[in-house]
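Student: I'd like to learn how to read a structure feature by feature. Please take me through this one.

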Amino acid sequence: MSTADKLRRASSLSRILHRRILYQSTRSFTTSEGHRPTIVHKQGLDILHDPWFNKGTAFTMTERDRLELRGLLPPNVMDSEQQIQRFMTDLKRLEKQARDGPSDPNALAKWRILNRLHDRNETMYYKVLINNIEEYAPIVYTPTVGLVCQNYSGLFRRPRGMYFSAEDRGEMMSMVYNWPAEQVDMIVVTDGSRILGLGDLGVHGIGITVGKLDLYVAAAGINPQRVLPVMIDVGTNNEKLLKNPLYLGLQQHRLEGEDYVDVIDEFMEAVYTRWPHVIVQFEDFQSKWAFKLLQRYRNTYRMFNDDVQGTAGVAIAGLLGAVRAQGRPMIDFPKMKIVVAGAGSAGLGVLNAARKTMARMLGNTVTAFDSAQSQFWVVDAQGLITEGRENIDPEAQHFARKIKEMERQGLKEGATLVEVVREVKPDVLLGLSAVGGLFSKEVLEAMKGSTSTRPAIFAMSNPTKNAECTPEDAFSILGENMIFASGSPFNNVEFGNGHVGHCNQGNNMYLFPGIGLGTLLSGTPIVTDGMLQAASECLAAYMSEDEVLKGIIYPPISRIRDITKKIAASVIKEAIEEDLVVGYREMDARELQKLNEEELMKYVENNMWSPEYPTLVYKDD
C-alpha cells in the first residue's frame with residue numbers, strides 16, 4: 001500500500017470514528033416512531049396548505065379550535081378510513097378524466113391523481129399507498145415512474161426535493177439549509193444520466209428519486225418528513241432535451257472528469273455537514289461513474305448504490321431461490337452455470353456479488369474466487385467478452401473468458417447470445433441489458449438445451465418495455481418446468497390445466513428499503529458487503545419450501561413491509577457481528593447487542609413510521 005493510500009485510509013477511519021462519537025453524543029431519547037406529538041409553528045390556512053401536517057376533514061373540533069381552523073373546514077369530522085373511501089371513489093371516477101388524451105395511459109392518469117393527493121396530505125397519501133401497495137407500487141415506481149421521468153417537464157407542478165446544479169458550485173454548503181427539515185434520515189440522489197433503461201433524461205430524473213423514497217416510506221416506515229429526493233444537474237447529453245425550450249434543466253452538455261467529481265464531492269460534503277447521520281442512496285448514475293463514486297465514498301459515508309449493490313442483492317436472492325426451486329440446498333449455488341446479458345453497472349454489480357457469494361460458499365480462498373469466476377459467461381452489445389476484447393472495461397476484466405478455453409467450447413470473442421446459450425447450456429439466463437426482446441425465440445429455443453432440471457430466465461431490465469422477454473414468451477417455449485423472474489411486474493401465466501406459471505418480480509424494492517432501515521437503526525457508519533450479503537440471504541430464505549418448489553422465489557408485494565422488517569433486522573445483526581453497530585435513539589450499541597430475535601424484530605417494528613395522523617401541538621415561534 002502506497003503512502004498516499006495509507007493516508008487516505010487513515011483519513012477515512014478518522015471520519016468513521018468521529019461519526020461514531022457524534023452518534024453517541026447526540027442520540028435523542030424519544031418514544032417509538034409515529035407516536036410522538038408534533039409541534040407546529042403555524043395555524044389556520046397555513047396548516048391546511050402544508051401537506052406534512054394537513055389532515056383535511058379529519059381535524060377534530062378540539063384541534064380546529066387550537067389551530068384556528070374552525071370555520072375553514074366543513075363541519076363533519078371524518079376519520080382516515082372515511083377519507084380514503086371518499087378518495088378511492090373519486091379516483092375510480094377521475095382516472096379517465098385525468099388523461100391528457102388518447103395517448104395518455106391510464107397508469108399516468110393514476111399517477112397524476114395520487115400526486116395531487118401527495119401535494120395536499122402526505123399522511124393520507126401514504127395510507128392509500130400502503131393499503132393498496134400491489135396496485136399502486138407500479139404507479140409510483142417502475143414501470144410508470146419511467147413514463148413520468150420522460151414527461152417530467154410537462155408534469156411539473158410544484159417542487160418536491162432539492163436541485164443542485166453545476167451552476168451552484170461554491171454555494172451548496174449554504175443551499176442545504178434551505179430545506180426545512182432539521183433532520184433527514186434518507187436521501188436518494190441521481191444525476192439523471194441513466195434513468196432505468198431509458199438513458200440520459202437530465203433533470204427529469206428527479207422522478208425516480210421521489211418514487212424510491214415513496215417506497216422507503218411505504219415499505220420501511222421511514223418518516224416522510226425526514227426523506228429528501230435530490231437531483232444533481234450537471235447538464236445532459238440528450239440532444240432532444242437540449243433543443244426543447246421547455247426543458248427545466250441546464251441546457252448544456254454534461255460535465256466530465258474532475259469538474260464532475262468536484263460537484264458530487266461538494267454535494268456530499270454539504271449534506272453530511274448539515275445531517276451527519278443521513279444515509280445517501282445513489283440511483284441511476286451511468287456505469288462509468290456508478291462504480292467510481294461508490295468506491296470513492298463507501299468507506300467514508302453512510303451510502304450505497306442501488307443499481308450496483310441493490311440490483312445485485314435482489315438477483316442473488318433470486319438465483320439462490322432458483323437453486324432451492326430445483327430441490328437443492330443453497331450451498332449448491334457455486335455449481336450453477338450462468339450466462340449474463342448486459343455489462344453495465346447493474347450487470348457488473350450482479351456479477352461481482354454472485355462471484356463473492358459463490359467464493360464465500362467455497363471457502364473464500366484464491367482458488368474459490370477462480371472457481372466462482374469460471375461459472376459466468378458475459379455477453380454485451382459486442383458479444384461474448386473474452387481476453388481478446390480490446391479496450392475492455394476494467395470492471396468486466398475479471399469475467400473475460402480465456403480464448404483457448406472458449407475455443408474448446410466452440411466459442412470466440414464476440415460470439416452472439418444465441419451461440420453462447422447453445423454451447424454453454426446454462427442453468428440461468430440473466431438479463432440486465434435494457435434491451436427489450438433480447439431473449440428472442442431463437443435464444444429461448446437454445447435454452448431448451450440447458451443441463452438444469454429446472455432452468456431459470458431472469459428478464460430483469462426496467463421499465464416493462466425493456467424486459468428481455470415476457471413470461472408468456474418464456475413459458476410458451478420452455479414449458480411449465482422453469483423459473484421466471486422480471487424487474488417489472490407481469491401477470492402470471494395460466495396454462496389451462498389448473499397449473500400456473502409464476503412471474504416473480506425480482507425488483508430492488510424488496511431489498512433497498514430494508515438495507516436503508518437496517519443501516520439507520522443500527523447506526524453503522526458505513527454499509528458493508530457483509531450487510532448487503534445478509535440482506536440478500538434473508539430475502540432468499542423468506543419464501544417457504546412449498547412456495548419455492550412451486551416456482552415462487554420472490555414474495556408478493558403485499559408482504560413488502562414484513563420482508564423489509566426482516567431484512568432490516570438481518571442488516572442490524574450483521575452490523576453487530578462486524579462490530580460496527582452504534583445504536584439509534586434510546587437504544588445504544590450495548591443494549592442492541594443484548595436483544596434476542598423477537599426483541600430485535602420488535603425494535604425494528606417500533607421504529608417504523610405508520611401513516612396515522614399525529615396530535616398537533618401549536619407553539620408560537
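Tutor: Let's start with a cysteine. Cys503 counts as buried, at 13% relative accessibility. Keep in mind that we are looking at a predicted model.

Student: Which cysteine sulfur is closest to that of Cys503, and how far away is it?

Tutor: That is Cys469, whose sulfur is 9.3 Å away, too far for a bond. A disulfide needs the two sulfurs within 2.5 Å. Cys469 is buried too, with a relative accessible area of 2%.

Student: How many disulfides does the count give?

Tutor: Zero.

Student: Let's move on to cores. Which residues have the most contacts inside the largest nonpolar core?

Tutor: Those are Ile187, Phe267, Met268, Phe282, Ile338, Phe458 and Tyr554, in a core of 169 residues. Helix α15, residues 306–325, gives the most to this core, with eleven residues. Apart from this core lies another one of 30 residues, and our two cysteines, Cys469 and Cys503, are among its members, as are Val424 and Phe475.

Student: What is Ile187 in contact with, beyond its neighbours within four places in sequence?

Tutor: Its list has Leu228, Val230, Phe267, Val271, Trp275, Val278, Ile279, Val280 and Gln281. Remember Ile279 and Gln281, as strand β5 covers residues 279–282.

Student: Then sheets. How do I read the pairing?

Tutor: Strands of a sheet pair through backbone hydrogen bonds, either parallel or antiparallel. Here, one open sheet has five strands in the order β2-β4-β3-β5-β6, with parallel pairing. Neighbouring strands in this sheet are turned by 20° against each other on average, direction ignored.

Student: Why is one side of β2 and of β6 left without a neighbour in the sheet?

Tutor: Because β2 (162–165) and β6 (303–305) stand at the edges, each with a single partner strand. For β6, look at β5: the two run parallel and are joined by three bridges. Gln281 stands opposite Phe304 in β6. Helix α15 packs on this sheet, touching β5 and β6, and its direction makes about 75° with that of β6.

Student: What is the strand order of the seven-strand sheet?

Tutor: The order is β9-β8-β7-β10-β11-β12-β15, in an open sheet with mixed pairing. The edge strands are β9 (383–384) and β15 (503–505), each pairing on one side only. Further in, β7 (residues 338–341) pairs with β10 in the parallel sense over four bridges, and Val339 stands opposite Leu429 in β10. β10 (residues 428–431) is also joined to β11 by four bridges, again parallel, with Gly431 and Ala459 as bridge partners.

Student: How do I read the two faces of a strand?

Tutor: In a regular strand the side chains alternate between the two faces of the sheet. Try strand β11, residues 456–459: Ala456 and Phe458 lie on one side, Ile457 and Ala459 on the other, and all of them are buried.

Student: Which helices lie across this sheet?

Tutor: Helix α15 lies across β7, β10, β11 and β12 (483–486), running at about 160° to β11. Helix α19 (residues 417–424) lies across β7, β8 (376–380), β9 and β10, at about 175° to β7.

Student: And how is a pair of packed helices described?

Tutor: Two packed helices are described by the angle between their axes and the distance between the axes. Take α6 (residues 122–131) and α11 (residues 206–220): their axes come within 10 Å and cross at roughly 70°. These helices are therefore roughly perpendicular to each other. Tyr125, Tyr126, Leu129 and Ile130 of α6 make the contact, along with Asp214, Val217 and Ala218 of α11.

Student: One last helix. How many residues of α22 are buried?

Tutor: Eleven of its eleven. Among them is Thr519, at 0% relative accessibility. Beyond its neighbours within four places in sequence, Thr519 is in contact with Ile279, Arg302, Thr524, Val527 and Val571. You met Ile279 earlier, in contact with Ile187.

Student: Which residue follows α22, and what is its phi?

Tutor: Gly523, with a positive phi near 80°.

Note on methods
Residues numbered from 1 in each chain as written. Heavy atoms only, no water. Core = buried A, V, L, I, M, F, W, Y, C linked by side-chain atoms within 4.5 Å. Buried < 20%, exposed > 50% of the residue type's maximum accessible area, 1.4 Å probe, protein only. Contact = heavy atoms within 4.5 Å. Pairing = 2+ DSSP bridges. Axes fitted to C-alpha atoms, helices over the stretch in contact; angles between N-to-C directions. Parallel < 35°, antiparallel > 145°, perpendicular 65-115°, else oblique.
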